[in-house]
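Trainee: I'd like to go through this one feature by feature. Could we start with the cysteines?

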Amino acid sequence: MTEEVTLTIDGREIRATPGDNLVKVARAHDINIPSLCYFEHLDQPLGTCRVCMCNVDGRIVPACMQRVHAGMEVAFETPKLSDMRHAVLEMMFAEGNHVCPACPKSGDCDLQRLGYEMEVRTVRFPHLFKDRYIDLNAKRTVVDTNRCVKCARCVEEVRTDDGKQVYSFCNRGNETVVAIDYEQEARLTDAQARKAMRVCPTGAIIVRGEPSWTRPFGDRRYDLHPIRGPETLVRRKKTKATPNKRDKKTVATISLAGCYGCHMSMLDTDLGLIDRVDIIEFNKSPLNDIKEFTKRCDLGIIEGGVCNSDNVEVLKEFRRQCDVLVCIGECAVWGGVPALRNTIPLRECLEETYLHCESVEPGQGVVPFDDDLPKLLDRVYACNEIVKIDHYIPGCPPNADIIWKSVANILWDEDNSILYSDFKYD
Ligand code: SF4
Ligand code: SF4
């Protein structure tokens, strides 16, 4: 029997068998190093996702590629490393086209779950909005390259009965996509096709005909059960103020390129709104139909992304008139559903809508143009691409309690963490 050695992770002494994988060892001691590509049974780890970056003996390396040895010193929970892992995850969201409300894997997706766990409320990188394809040509599965994070799990793990590879990578760099060997794919059994969907940490591989969207919110794999830590996503600090000590604040709200769903959600608090009116005075807002600012506001709530010149002006005015700006909902956070047009040239969008759509008589369509109409931008922008945003509340829409609790926390300078079970991209 091999004698155990001692290593340290964040200063904590741990005994382990030399040669064991660092991620496995850490997890066995309740230190959950995140990963989207690690499989314990793979002796040669994939090392593709880089979400597990840590510092080993003074070098920043992916933890899944390290085997433990005597005296190994691992740093994991440092601000710099945490920010690095956060940035890697943010890049995945910015690089793909992830529309969780329309994804069959939502609620069961490892990428989404890590987003919740690591509290990714927005991304620091501009979304690429590349026009990626969905491969509908295979018999058993559909591969949506918009959601692929190139982890190589499917390439390594999915095989036919006689061991033939089904998926592979083609192209290079940002053009890398998963290619399907159609002949071999057609030979996958039901169980193998389902395994392909399961090993994919995102919604990039979906089994044809597999019932999806059948489980309600709350019953999905990751709705309530984070892989690590307590049920709360982030530590809750003690609140500094109680409601009866709160001084009255002024709030403005606006819907830009959104559906007003977030505003409807804000109203979905019934009698709670009456309590809020005692401590919040609304200024410019569709909630009271005040159309112009009459005073400077403590906080502005923004729903919707930025799709035209009017949205740009209104958002800049909110930035000037409000001390703090909060984006609520996916559209304000990164563009959301209106941003689906970002992969299509604006001209094509307009022609399809006004000239070629089925409700337009042939030859009768006109693309509206008038100096009074706001000018459409080349794409839909996230609010933080136009002005500085102070806080983000994700969800489509976030529920009323989350919005008002967060707004109150921000207004009265309390901690504004969101419970894991309340954190939603869909
Ligand atoms: S559920 Fe996962 S794969 Fe699907 S869009 Fe959301 S993050 Fe992407
Ligand atoms: S399709 Fe899924 S499993 Fe395959 S590389 Fe992409 S994200 Fe990974």
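Mentor: Sure. A disulfide is counted when two cysteine sulfur atoms lie within 2.5 Å of each other. Keep in mind that this is a predicted model.

Trainee: How many disulfides does the structure hold?

Mentor: It holds 0 disulfides. Take Cys54: the nearest cysteine sulfur belongs to Cys52 and is 6.5 Å away, and Cys54 is in no disulfide.

Trainee: Why is there no bond for Cys170?

Mentor: Its closest cysteine sulfur, in Cys148, is 10 Å from the sulfur of Cys170, which is too far for a bond.

Trainee: And are Cys54 and Cys170 buried or exposed?

Mentor: Cys54 counts as buried because its relative accessibility is 0%. Cys170 has a relative accessible area of 28%, so it is partly exposed.

Trainee: Let's move to the backbone. What should I look for there?

Mentor: Most residues other than glycine have a negative phi, and most peptide bonds are trans. Look for the exceptions.

Trainee: Which bond here is cis?

Mentor: The peptide bond joining Cys396 and Pro397 is cis, with omega at about -10°. You'll find Pro397 in the loop between β17 (391-393) and α12 (400-411).

Trainee: What about phi at Arg50 and Asp57?

Mentor: Arg50 isn't a glycine, yet its phi is positive, about 65°. Asp57 isn't one either, and has a positive phi of about 50°. Arg50 sits in the loop between α1 (22-28) and β3 (53-56), while Asp57 is in the loop between β3 and β4 (59-62).

Trainee: Why do they count as partly exposed?

Mentor: Partly exposed covers the range between 20% and 50% relative accessible area. Arg50 is at 36%, so it falls in that class, and Asp57 gets the label because it is at 41%.

Trainee: Now a helix. How do I check the length of α9?

Mentor: Allow 1.5 Å a residue: the 13 residues of α9 (309-321) should then span 18 Å. The C-alpha atoms at its ends are 19 Å apart, which agrees.

Trainee: Which residues of α9 are buried?

Mentor: Asn311, Val312, Val314, Leu315, Glu317 and Phe318.

Trainee: What covers them?

Mentor: Strands are part of the cover, including β11 (249-255), β13 (297-303), β14 (306-308), β15 (322-328) and β16 (376-381).

Trainee: And what happens at the start of α9?

Mentor: There, Asn308 has a side-chain oxygen that comes within 3.1 Å of the backbone nitrogen of Asp310.

Terms used: Residues are numbered from 1 along each chain as its sequence is written. Chains are lettered from A and ligands numbered from 1 in the order in which they are written. This is a predicted model: local features need pLDDT of at least 70, side-chain atom pairs count only at pLDDT 80 or more; totals for chains, interfaces and linings use all residues. Side-chain values use heavy atoms; hydrogens and water are left out. Helices (H or I, at least four residues) and strands (E, at least two) are DSSP runs, numbered from the N terminus. The expected span of a helix is 1.5 Å times one less than its number of residues. Buried means under 20% relative accessible area, exposed over 50%, partly exposed in between (1.4 Å probe, protein chains only). Contact means heavy atoms within 4.5 Å. A polar contact is a pair of N or O atoms within 3.5 Å; within protein, one must be able to donate a hydrogen and the other to accept it, and residues adjacent in sequence count only if both atoms are side-chain atoms.
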